[in-house]
Amino acid sequence: METIACIKRVPDTGAKIVLTDDKQDVDASSIGYTISPHEECAVEEAVSLVEENGGTSTVLTLGDEDATEQLRTGVAMGADEAKLLEAGDHEWGPITTAREIAEAVSDEDGESKYDLLFFGNESADAQNYQVGIRVANQLDLPVVTGIKDVEVDGDTVIAKREVAGGNDVFEVPMPAVVTVKEGVNTPRYPSMRSRMQARQTDVDRSGAEPEDVTDVRKVELEVPEQDDSPAEVLGDSPEAAVDVVEVLEDLEVV
């Protein structure tokens with residue numbers, strides 16, 4: 001079995017975001033970067049299935065040289081190979097990103113080189129929910145999204161999506177694209193030894209050039225307003241329930 005997890009380098013999800021003065025980028029001097037959380041689960045799923053069934057697992061990202069840090073984290077988690085699509089200084093939206101990834105994961109006949117292609121359901125920063133679906137469309141592959149459980153039975157992938165009262169269950173032939181959500185598994189924490197070994201891994205690099213499609217144009221970034229108001233304790237006895245109801249009524253919740 002050949003699996004691949006497509007990941008994205010994003011700012012630490014719990015960090016306070018500070019922008020550069022021109023509002024064109026995140027000030028990297030004050031925060032760290034990580035693999036987008038859904039995609040961290042995608043790496044775990046790609047690695048685990050290869051451990052169970054044999055084969056090779058790969059991590060891939062579209063980004064600059066700094067993104068090799070996240071690729072090496074994927075290798076430390078157990079991936080066998082790492083591929084970097086060097087993005088240059090271009091603005092990449094979901095259309096151009098998906099086209100570049102689709103080209104990178106297909107052979108000369110336009111067929112997928114992998115049995116299962118894993119994506120996060122959405123990235124932690126842009127949250128476009130599009131790249132995995134667009135790659136599947138580009139390669140004419142079946143795709144299931146928002147998945148919380150994945151099994152392989154022969155040449156079929158069985159994927160479950162949580163819904164109210166149960167699960168939607170999809171059975172699709174491989175090769176296929178699956179976008180996973182947090183909770184599909186618990187990503188392993190790489191040991192220090194595996195991290196050190198991952199530093200020696202050769203990253204396969206190839207240049208990436210967006211086609212003449214302007215699917216996104218950045219004007220400026222803006223940090224969402226945060227509610228820093230202090231919490232108010234309404235009480236610690238049954239009588240506080242009356243105050244709680246009044247608050248909910250004011251919020252038009254009840």
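Two strands count as paired if DSSP finds at least two bridges between them. With that in hand, welcome to this predicted model. Two open sheets are a good place to start: one has 7 strands with parallel pairing, and the other has 3 strands with antiparallel pairing. After the sheets come a helix, a lysine and two cysteines.

**The sheet of 3 strands**

- Reading across this open sheet, the order is β8-β9-β10, and the pairing is antiparallel.
- Its edge strands are β8 (149-153) and β10 (166-173), each of which pairs on one side only.
- On average, neighbouring strands here are turned by 20° against each other, with direction ignored.
- Strands β8 and β9 (residues 156-163) run antiparallel and are joined by 5 bridges.
- For a pair to look up in the structure, try V150, whose bridge partner in β9 is A159.

**The sheet of 7 strands**

- This open sheet is parallel, and its strands follow the order β7-β11-β6-β1-β4-β5-β12.
- At the edges stand β7 (143-147) and β12 (203-207); each has a single partner strand, so one side of each is left without a neighbour in the sheet.
- Neighbouring strands of this sheet are turned by 20° against each other on average, again ignoring direction.
- Within the sheet, β6 (residues 116-120) and β11 (residues 176-180) pair in the parallel sense over 5 bridges.
- One place to see this is L117, which stands opposite V177 in β11.

**A helix across the strands**

- Helix α2 (residues 68-76) lies across β1 (2-7), β4 (56-63), β5 and β12.
- The helix runs at about 165° to β5.

**A closer look at K83**

- You will find K83 in strand β5, which covers residues 81-86.
- K83 counts as buried because its relative accessibility is 17%, and the cut-off for buried is under 20%.
- Setting aside neighbours within four places in sequence, K83 is in contact with T58, V59, L60, T61, L71, Y114, V203 and D204.

**Cysteines without a disulfide**

- A disulfide is a covalent bond between the sulfur atoms of two cysteines.
- Searching the whole structure turns up 0 disulfides.
- For C6, the closest cysteine sulfur is in C41, 15 Å away, which is too far for a bond; the cut-off for a disulfide is within 2.5 Å.
- C41 is likewise in no disulfide, and its nearest cysteine sulfur is that of C6.
- C6 is buried, with a relative accessible area of 4%.
- C41 also counts as buried, at 3% relative accessibility.

Key. Residues numbered from 1 in each chain as written. Predicted model: local features only at pLDDT ≥ 70, side-chain atom pairs only at ≥ 80, totals over all residues. Heavy atoms only, no water. Helix = DSSP H or I, 4+ residues; strand = E, 2+ residues; numbered from the N terminus. Buried < 20%, exposed > 50% of the residue type's maximum accessible area, 1.4 Å probe, protein only. Contact = heavy atoms within 4.5 Å. Axes fitted to C-alpha atoms, helices over the stretch in contact; angles between N-to-C directions.
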